[in-house]
Amino acid sequence: MARLTVNGRVEEFEAEPDTPLLWVLREQLGMTGTKFGCGIAQCGACTVHIDGVATRSCVMPVSSIEESQKIVTIEGLSPDGSHPVQKAWLALDVPQCGYCQTGMIMAAASLLDTNPKPSDDDIAAEITNICRCGTYNRVRAAIHMAAGDKAG
Amino acid sequence: MTIAQKFPAVSRRNFLAGASAAVGGLSLGFHIPFADKAFAQGAASPLPPEINAWVVVKPDDTVVIRVARSEMGQGTLTGLAQLVAEELECDWSKVTTEYPSPGDNLKRNRVWGSYSTGGSRGIRDSHDYVRKGGAAAREMLIAAAAAQWGVPAGECSAANSVITHGPSRRTLRFGEVTEAAGKLTPPTDVKLKDPKDWQIAGKPLARLDTADKLTGKQVYGADLKLPGMLNAAVKACPVFGGTVASFDAAAVEKMPGVKKVVKVDDTAVAVVADTWWRAKTALDALPITWNEGPNTGVSSASIAEMLRAGLDADEAFVGNRQGDAKAELAKGAPAGGKIVTASYAFPYQNHATMEPMNATALYTPEKCEVWVPTQNGESSLAVVAEASGLPVNQCEVYKLHLGGGFGRRGNFQDYVRQSVSIAKQMPGTPVKLLWSREEDMLHGNYHPTTQAKLTAALDAQGNVTAMHMRISGQSILATVRPEGMQGGMDPVVFQGLTANLPEGHLGYTVPNLLIDHAMRNPPIPPGFWRGVNLNQNAIYVECFIDEMADAAGIEPLAFRRKLMVNHPKHLAVLEAAAKGIGWDTPPAEGRGRGLAQIMGFGSYVAAAAEVSVTNGELTVHRIVAATDPGHAVNPAQIERQVEGSFVYGLSACLYGECTVKGGRMEQENFDTYEVMRLAQMPAVETVLVPSGGFWGGVGEPTIAVAGPAVLNAVFAATGKRYRSLPLKNHELS
């Protein structure tokens, strides 16, 4: 039996120690908001926060995470979609197919936690998630909007 | 805690009926359209009676609009709902949508028409009958209210979900008469609004499907969970045309969670386990021997050589002929003029949808059901019937939102076939098949590879007196839809190049013109890839036009104008893009600008790009894109489609390439199949110039002008032409 702290709750599960966090979240814990895109930390669809740091969970063995570490997934970013990043995303209707967007939102939220007023260059350097529909310009605009929202 | 404890068994009836079933304390929060109807045999439907196939109004005035086409990000769900709501005269804030199932469509004599969602046809092919569906429902609601009041229907009108009797000013809400309306005989003839009177359609309304995509609640096919469901990982022979020789199931059967190792048709092996990760882990450890088949000698080099031979072959299918280009060109350069010639090449591309292919199947000897993100539910249903061996009326498909489609999930239902093949070997157990990214990259239906050679004669004034465009390469239809071939010719090869087809005709008049195709079909499965053949055709024509302009010493816009006098709609979007980029004023030092235009999917599109190349690195600073789709149903969605088109088009132009070695693809994931990321994304300004009178698509055409506008701008900035893609293979300077 292993334990992780996810969205403020201690979760127990059985999984092989080398199972990536992504698959424990999706399969053992039933939280499918965190997506599988590539399995090699290239696309960022699986982004979650571990102790506040945006982390690509598809290559993170669960055995490497302590129970004391705080994991936040898209399901736990806010209780009702009211995080400033989610609100900005809604205001600008950012998603198209939406599959990459939960990872994109988690990456954006982490960026704003460490850099509340990111420049375009900061965003370009930090938001490296892949979107095939082509939402990048709206992602950029929504991050700026959320930055304003947070400051206000 | 075991997985079973975490997901306690619930009856399927209860599980599926709950739109947001709280199971084991977890909100699974998804809705399976028509689940009640499909599963609760004999049970009363909880939905109020429909008014007609397109519209359900609930007593609380909620409007459910049924949408047959699939939502994969392109916004069709919202756009089609706008068209129905416009005619229905309902309150837009009360609108929700649902997918009718393909099985129900068959049972109801295909009342919802085609389910195909490709070719940018979602709206343009169904606007007429979905609007009539909304209009008929409105008339029935009005008739029901009029009957209740005992007044002539002609004295009543509907607006914002309220019916008003004009003379008495009495009102009834839609919800108050919905039950009575549903019992009326539908009108046989309804009048549609003039688009200029639209209040809901034509407006940049917010999408209906955004909120759940921001919280993780949106369930894609890959996220589906059914009671008792197992998970399958699959591996097909990586060499195209290869089959399974043998595998050693005993080597992995004892691994954690593994339930079964199964052969999938002749071509693949799957491991079924309690979780997908365990299935994949066992599959990676499974010893498999392949019969690699006849294609191990095929490589990108051998394919390129095969296509090169086609560039000068005698035999070719003619797609567009005016005058006698060959005879004119045989005469050599006109007096004081010149002959210009250039060859181009476009590689294989993978769709690379963010959500890998998947499908969940449940087979019993009596019934086969599949849950799948699909661009064509009816194609999925047909494959379910074929693969299960059951009559189609004992099969059903439930559509889920797609994590990207781009053409991969339309005609090709290979993953559906596999899922049924696996489920048949485990009757009574639902099995979700999910491909790894590697499987997705190795078993695509790839954007075909072609080459083109263009030769033209310019007279002393820079007029094009003759032009021959020879395309050599792969036909999609020959493999995918042979019934669409015309006497051996694939007409889709000539997208955007035809003389007069409304789907897309060439925007230039050349007195002696020949556009032909030497078909060369390598043994690599081709497919419809967002934009299809318009993509490379636009690169070939628009880059060559630029080369001719340079040879003639005329700036590219003026050179095009001379050829476009008979094509005012093509020219109008080109002028709009040129004006937007500031074509008449020079760019900043070190920057270059390029133009491109084409017509495809029924719409006219153009792009202007501004770029620079510094230390070998290309920067796309700005794009202005102009689109004339005739009628614009949701301008905000069109903007998003146009913006997104540059990600797809420029990913292909700059990075996209699947190379073949030993009869298989070399790229297996995003580390080697690079795509555009935010850092490379240029600013895109969209200029929408809908001229009315026709219905064009918007999801695809702009992709085609992304590449040539940038390539022509690169020439303007550097003086160098790059004629084979992707650009990453060249040292830019």
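Author: Welcome! Helices (H or I, at least four residues) and strands (E, at least two) are DSSP runs, numbered from the N terminus. This is a predicted model in which local features need pLDDT of at least 70 and side-chain atom pairs count only at pLDDT 80 or more, while totals for chains, interfaces and linings use all residues. Residues are numbered from 1 along each chain as its sequence is written, chains are lettered from A and ligands numbered from 1 in the order in which they are written, and side-chain values use heavy atoms, with hydrogens and water left out.

Reader: Thanks! In which helix do Arg437(B) and Asp440(B) both lie?
Author: The side chains of these two residues, Arg437(B) and Asp440(B), meet in a salt bridge of 3.8 Å, N to O. The term stands for a side-chain nitrogen of Lys or Arg within 4 Å of a carboxyl oxygen of Asp or Glu. Arg437(B) and Asp440(B) are three residues apart, about one turn of the helix, and that helix of chain B is α13.

Reader: How many salt bridges are there between chain B and chain A?
Author: Side chains of opposite charge can pair when their charged atoms come close. Lys35(A) and Asp223(B) make a salt bridge, with the closest N and O atoms 2.4 Å apart. The structure holds 49 salt bridges over all chains, and between chain B and chain A the count is six.

Reader: What area do chain B and chain A bury between them?
Author: The contact (heavy atoms within 4.5 Å) takes 66 residues from chain B and 56 residues from chain A. Buried area is the accessible area, with a 1.4 Å probe, that two parts lose on being put together, summed over both. Of the area between chain B and chain A, 55% is on carbon and sulfur atoms, and the total is about 5000 Å².

Reader: Which helix gives the most to the side of chain B that touches chain A?
Author: Several elements of chain B each supply at least two residues of the side that touches chain A, among them α1 (3–6), α8 (276–285) and α18 (635–654). One of these gives the most, with nine residues: α18(B).

Reader: How many charged residues does the side of chain B that touches chain A have?
Author: Ala, Val, Leu, Ile, Met, Phe, Trp, Tyr, Cys and Pro count as nonpolar, Asp, Glu, Lys and Arg as charged, and the others, Gly among them, as polar. By class, this side of chain B has 34 nonpolar and 18 polar residues, and the number of charged ones is 14.

Reader: Turning to chain A, how far apart do the C-alpha centres of domain 1 and domain 2 lie?
Author: The domain bounds come from an automatic or database domain assignment. For chain A the assignment gives domain 1 (2–77) and domain 2 (84–151). In this contact, 18 residues of domain 1 of chain A meet twelve residues of domain 2 of chain A. The C-alpha centres of domain 1 and domain 2 of chain A are separated by 21 Å.

Reader: Which three residues supply 34% of the area that domain 1 of chain A buries against domain 2 of chain A?
Author: Together, domain 1 and domain 2 of chain A bury about 1200 Å², 59% of it on carbon and sulfur atoms. On the domain 1 side, more of the buried area than from any other three residues comes from His49(A), Ile74(A) and Leu77(A).

Reader: Is the pair of Trp198(B) and Trp695(B) stacked, edge-to-face or tilted?
Author: Rings of Phe, Tyr and Trp (its six-membered ring) pair if their centres lie within 6.5 Å; planes under 30 degrees apart count as stacked, over 60 as edge-to-face and the rest as tilted. The whole structure has 15 aromatic pairs over all chains. The ring centres of Trp198(B) and Trp695(B) are 5.9 Å apart with the planes at 55°, so this pair is tilted.

Reader: Which residue does a cis peptide bond join to Leu725(B)?
Author: Most residues other than glycine have a negative phi, and most peptide bonds are trans. At the bond after Leu725(B), omega is about 0°. The partner is placed in the segment after α19 of chain B, and its name is Pro726(B).
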